[in-house]
Each structure stands twice: as C-alpha cells, then as structure tokens.
Amino acid sequence: MTTPAITREVDQLVTSQPSQDGDGVRIQRIHDFGGGLDPFLMLDELGSDRPDDYVGGFPPHPHRGIQTLTYVIHGGLTHEDHLGHSSTIQSGDAQWMHTGRGIIHSEMPLTDQQGLHAFQLWLNLAARDKLSEATYRDVRAAEMPTLGGHDASLVALGGRWENSDGDSVSGPLEALAGQGAVAHARLAAGGELALATTASTLLVYVFTGSLEIAGTPVPQGRLARLGSGEQLVLTSREGAQALLLSGEPHGEPIAHYGPFVMNDHAELEQALRDYRAGTFTD
C-alpha cells in the first residue's frame with residue numbers, strides 16, 4: 001500500500017516592502033540577511049509602466065560573496081561588467097552572475113508597451129566560494145524547459161523540478177548556490193500544479209493574482225515559506241503567476257553591508273579596503 005505524500009503547508013507569509021535602489025529605481029523587496037531564507041538572501045521585483053520609476057537603472061556598482069539571478073517578465077535589461085560582458089535580456093530571458101571575489105557591473109532598463117517588469121534574486125555563496133573567480137551567463141527563454149500541470153505550467157530557470165506524475169525537467173542554470181532551483185509557475189483560473197519536493201528551503205512568491213497552498217491563501221506581493229513535507233500543491237481560483245525557489249541552507253554566519261555579503265565583519269572591511277584600493281577584482 002502506497003503511503004500518500006505529505007503535503008507541505010505554509011509556515012510563514014512575508015509581505016514585500018517598497019524600496020529604492022540604483023539611481024532611484026522603485027522596487028518591491030523581500031530580504032532576510034539573518035538566515036531565515038537560507039540560501040536565499042533577497043528578492044527584488046521591478047514593475048512599473050511609469051519610466052520615471054526605473055529609467056535611472058543601476059549604474060556601475062560592485063558585488064562580492066553572492067550570486068545574482070535577474071529574470072525579465074517584460075521589457076528588458078542591458079548588462080555590462082568589468083570582465084567585458086555586454087548583453088541584453090528581454091521577456092522570458094535571464095542572466096546569472098557568480099560574483100565570487102568581485103565583479104563591477106551595471107544594469108540599465110529597456111521598456112516595451114507594458115513598461116518594465118523583472119526580478120532580481122540574491123543567493124548566498126558558501127564560505128568556500130566567496131573569493132572564487134567571477135563568472136556570468138545569459139539564458140534565453142527558448143533554453144528553459146517547461147513542466148505541465150492541470151491548467152498550469154512551470155518554466156524551469158535552474159535546478160530540477162518534478163511534478164506529481166513523475167515527469168521532471170532541469171533548468172539550464174545548474175550551478176545555483178545552495179543547490180538552488182528557480183522556476184516560474186503559471187496557473188489559469190481553476191488550475192493546479194503539484195510538485196514533488198523535499199528541499200529544506202522552499203519559497204513561493206506570488207506576483208500576479210493569488211494562490212492557495214494547503215488551504216492558506218497567498219495573495220499578490222506575498223512570499224510563502226513552506227514547512228517540511230514531500231509535495232507542494234498550488235491551486236488558484238482566479239489565476240496566478242509565481243516564482244518558486246528551493247535550496248539547501250549553508251548554515252553559516254552571514255555578514256552584510258550594501259553589495260557585499262561575507263561571513264564576518266572583518267571580511268566586509270577587507271572588501272571595502274579592496275574596492276577603495278582598486279584591487280577588488282584582482
């Protein structure tokens with residue numbers, strides 16, 4: 001006799017908060033530098049049909065100790081960095097940076113008829129990787145596989161995803177920190193998406209419509225942190241879109257200052273000294 005899979009329930013709901021970054025770009029932000037979302041640190045949502053909310057973009061700035069994943073729903077972003085990378089991503093595309101020891105980059109917005117809607121996710125690097133070599137990669141929408149549900153679908157940006165029927169896909173970003181996996185879920189009205197997942201950290205951020213997870217409503221602009229179990233079941237009465245994040249915690253100390261995330265204060269001070277001395281990316 002087969003034992004039914006244990007359905008994961010909502011452990012906590014977190015509301016995104018208005019903020020600004022870069023050159024006055026208005027964003028909705030969720031962050032936890034205390035380890036509550038480990039291995040994830042921060043999720044920014046950029047979304048506006050008013051150019052003044054984002055036209056200044058993100059001029060050149062440094063990072064150390066993290067990975068960033070930028071994903072565009074509509075509009076676009078142009079990336080340039082000190083390593084010589086220069087590229088533009090548009091609707092459905094993503095770009096990933098492993099900042100390691102250091103990278104200096106800029107991201108400037110592009111618009112379409114709907115303005116700009118994009119996300120940037122920060123993933124923490126394990127201590128052993130924080131001073132590793134910086135790398136960068138673009139991923140186009142056509143490279144991302146999809147997984148079906150009942151009037152629902154999932155687009156896999158990175159990591160492995162499996163539905164309740166045993167079908168699975170793996171996104172092209174295979175080196176996300178903390179065994180990370182990222183996906184974009186779409187549910188039509190009355191849709192259901194059931195996924196098999198035992199990841200220690202499992203997060204669902206709803207950015208369109210609303211979802212129900214094991215009887216708990218999750219409205220737009222909320223991040224649901226899931227408790228333990230073996231399957232995630234998403235349903236929606238009106239239709240919804242969400243980002244799904246899973247991973248394994250590093251369980252290490254986190255020290256954060258602006259664009260730097262290290263393990264202790266002394267390492268943050270060293271990052272600042274390196275940046276001011278011009279040896280940050282050496």
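The overall architecture of the protein and the surroundings of Asn163 are described below. The structure is a predicted model, in which local features require pLDDT of at least 70 and side-chain atom pairs pLDDT 80 or more, whereas totals for chains, interfaces and linings use all residues. Residues are numbered from 1 along each chain as its sequence is written, and side-chain values use heavy atoms, without hydrogens and water.

The protein contains one helix and 23 strands (DSSP runs, H or I of at least four residues for helices and E of at least two for strands, numbered from the N terminus). Its radius of gyration is 18 Å, close to the 19 Å given by the globule rule for 282 residues, so the protein is as compact as a globular protein of that length (C-alpha atoms; 2.2 Å times the number of residues to the power 0.38). The C-alpha trace spans about 65 × 45 × 30 Å along its principal axes. Of the 282 residues, 52% are buried (under 20% relative accessible area, 1.4 Å probe, protein chains only). Among contacts (heavy atoms within 4.5 Å) with a separation of 6 or more, 72% join residues 24 or more positions apart.

Asn163 lies in the loop between β14 (150–162) and β15 (168–172). This residue is buried, with a relative accessible area of 3%. The side chain of Asn163 reaches the backbone oxygen of Gly148 at 3.1 Å. Not counting residues up to four places away in sequence, Asn163 touches Leu147, Gly148, Ala194, Leu195 and Ala196.

Terms used: Buried < 20%, exposed > 50% of the residue type's maximum accessible area, 1.4 Å probe, protein only. Polar contact = N/O pair within 3.5 Å; in protein donor to acceptor, adjacent residues only side chain to side chain.
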